[in-house]
Amino acid sequence: MTKSLITAAALMAATPAFATDEMTLILDWFVNPDHGPIIIAQENGYFAEQDLEVEVIAPADPADPPKMAAAGRADLAISYQPQLHLQVAEGLPLKRVGTLVATPLNCLLVLEEGPIKEISDLKDKKIGFSVAGVEEALLGSVLGTHGVSMDDIELVNVNWSLSPSLMSGQVDAVIGAFRNFELNQMEIEGVGGKCFYIEEEGLPSYDELIYVANPETMDTDMLRRFMAATEKATQYIVNHPQKSWEIFSGTSPELQDQLNEMAWADTLPRFALRPEALDEGRYQRFEAFLHDSGLIDEIKAVSDLAVDLAE
């Protein structure tokens with residue numbers, strides 16, 4: 001062996017292998033197109049490039065992820081900006097550390113060929129919902145801009161059966177329907193749906209899906225590497241929409257259906273291109289909205305709600 005080879009071998013032996021950090025991510029629901037950047041980062045090796053081994057877990061209960069992150073049982077969880085404001089107000093140790101879906105998906109959904117042509121037509125009608133609190137505040141604000149009060153409608157808790165309750169005539173409209181799923185589900189069933197987009201009805205815009213972590217225990221460097229991997233994955237999705245769909249759907253037979261393919265196309269333009277980036281004004285405005293709606297007692301500083309990992 002030559003001297004140079006001996007020296008190189010000695011250096012390699014003396015240099016420890018770079019350790020891979022293990023982290024746990026709890027999804028907000030079962031795997032679906034909303035989670036595209038995470039799955040593509042996993043499948044394309046972008047997490048591995050960042051020396052990360054990410055365990056992605058679907059929750060047994062969709063209310064659990066932020067609680068698990070707050071309790072230190074997960075490094076990261078997917079949640080919703082509106083829920084974050086309420087949870088922080090309740091004292092849960094959580095902060096937004098990144099954004100997954102950067103626009104509202106929630107909409108007020110009615111039948112396309114039904115009697116509701118304008119939001120004002122909902123007076124004396126039934127409206128279905130799934131989550132009390134935030135959805136009621138959103139609905140109240142939307143209705144109020146069209147001269148309808150919450151006393152003018154009947155609220156019906158339909159749990160998660162949003163489009164079925166609308167198609168069956170149980171209710172005249174539903175709030176909380178995701179425009180990338182429920183609309184497509186109805187189209188597949190042969191029933192046209194129409195969305196009233198809440199951010200076009202006087203409501204402050206917000207991030208639909210966010211990453212949250214416990215600020216007291218989070219590993220900032222590890223989370224930065226996670227965001228870098230998902231940012232690269234988002235760029236890949238935008239550049240290669242069909243190929244990325246094939247990679248994504250190839251991870252499970254349950255994803256290989258018409259609904260998920262349609263939802264993939266509708267979700268793609270809504271992924272956060274800069275997941276680390278924080279729009280402070282967006283959080284200030286939504287905090288003020290919830291305060292004005294009586295859902296929180298005091299307005300907290302953005303620094304109590306969210307962090308920009310790049311700073």
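This passage describes the pockets, the cavity and three helix contacts of the structure shown above. The structure is a predicted model, in which local features need pLDDT of at least 70, side-chain atom pairs count only at pLDDT 80 or more, and totals for chains, interfaces and linings use all residues. Residues are numbered from 1 along each chain as its sequence is written, and side-chain values use heavy atoms, with hydrogens and water left out.

Open and closed spaces were searched for on a 1 Å grid over the protein atoms alone. A cavity is a set of points where a 1.4 Å probe fits but cannot get out, whereas a pocket is an open set with protein on both sides within 12 Å along at least five of seven lines. Lining residues have an atom within 4 Å of a point. Grid points are joined across faces, edges and corners, and a volume is the space filled by probe spheres set on the points.

The largest pocket has a volume of about 1,200 Å³. It is lined by 47 residues, and those closest to its centre are Asp28, Trp29, Pro62, Tyr80 and Trp160. By class, the lining holds 25 nonpolar, 12 polar and 10 charged residues (Ala, Val, Leu, Ile, Met, Phe, Trp, Tyr, Cys and Pro count as nonpolar, Asp, Glu, Lys and Arg as charged, and the others, Gly among them, as polar). Several helices and strands (DSSP runs of H or I with at least four residues, and of E with at least two, numbered from the N terminus) each supply at least two lining residues, including helix H4 (64–70), strand E3 (76–79), helix H5 (81–89) and helix H11 (258–267). The largest share, four residues, comes from H5.

The second largest pocket has a volume of about 170 Å³. Its lining includes Arg96, Thr99, Asp207, Ala272, Arg282 and Tyr283. Strand E4 (95–101) and helix H12 (280–292) are the elements that give two or more residues to this lining. Six of the lining residues are nonpolar, one is polar and five are charged.

One cavity of 30 Å³ or more is found in the whole structure. The largest cavity holds about 30 Å³ of space and is lined by Pro37, Thr99, Leu100, Tyr211, Thr230, Thr234, Ala272 and Pro275. E4 and H9 are the elements that give two or more residues to its lining. The lining has five nonpolar, three polar and no charged residues.

Two packed helices are described by the angle between their axes and the distance between the axes. Axes are lines fitted to C-alpha atoms, for helices over the stretch in contact, and angles run from 0 to 180 degrees between N-to-C directions. The axes of H5 and H12 come within 10 Å and cross at roughly 65°. The crossing is right-handed (the near helix is turned clockwise from the far one by less than a right angle; anticlockwise would be left-handed). In the contact (heavy atoms within 4.5 Å), Gln81, Pro82, Leu84, His85 and Leu86 of H5 meet Arg282, Tyr283, Phe286, Glu287 and Leu290 of H12. This contact has six nonpolar, two polar and two charged residues.

Helix H2 (residues 36–43) and H9 have axes that come within 8 Å and cross at roughly 100°. H2 and H9 are therefore roughly perpendicular to each other (angles of 65 to 115 degrees; under 35 counts as roughly parallel, over 145 as roughly antiparallel and the rest as oblique). Among the residues in contact are Pro37 and Ile40 of H2 and Phe226, Thr230 and Thr234 of H9. Nine nonpolar, three polar and no charged residues make up this contact.

Helix H9 (residues 220–239) also packs with helix H10 (residues 241–249), at an angle of about 120° and with the axes 5 Å apart. H9 is therefore oblique to H10. Tyr236, Ile237, Val238 and Asn239 of H9 meet Pro241, Lys243, Ser244 and Ile247 of H10.
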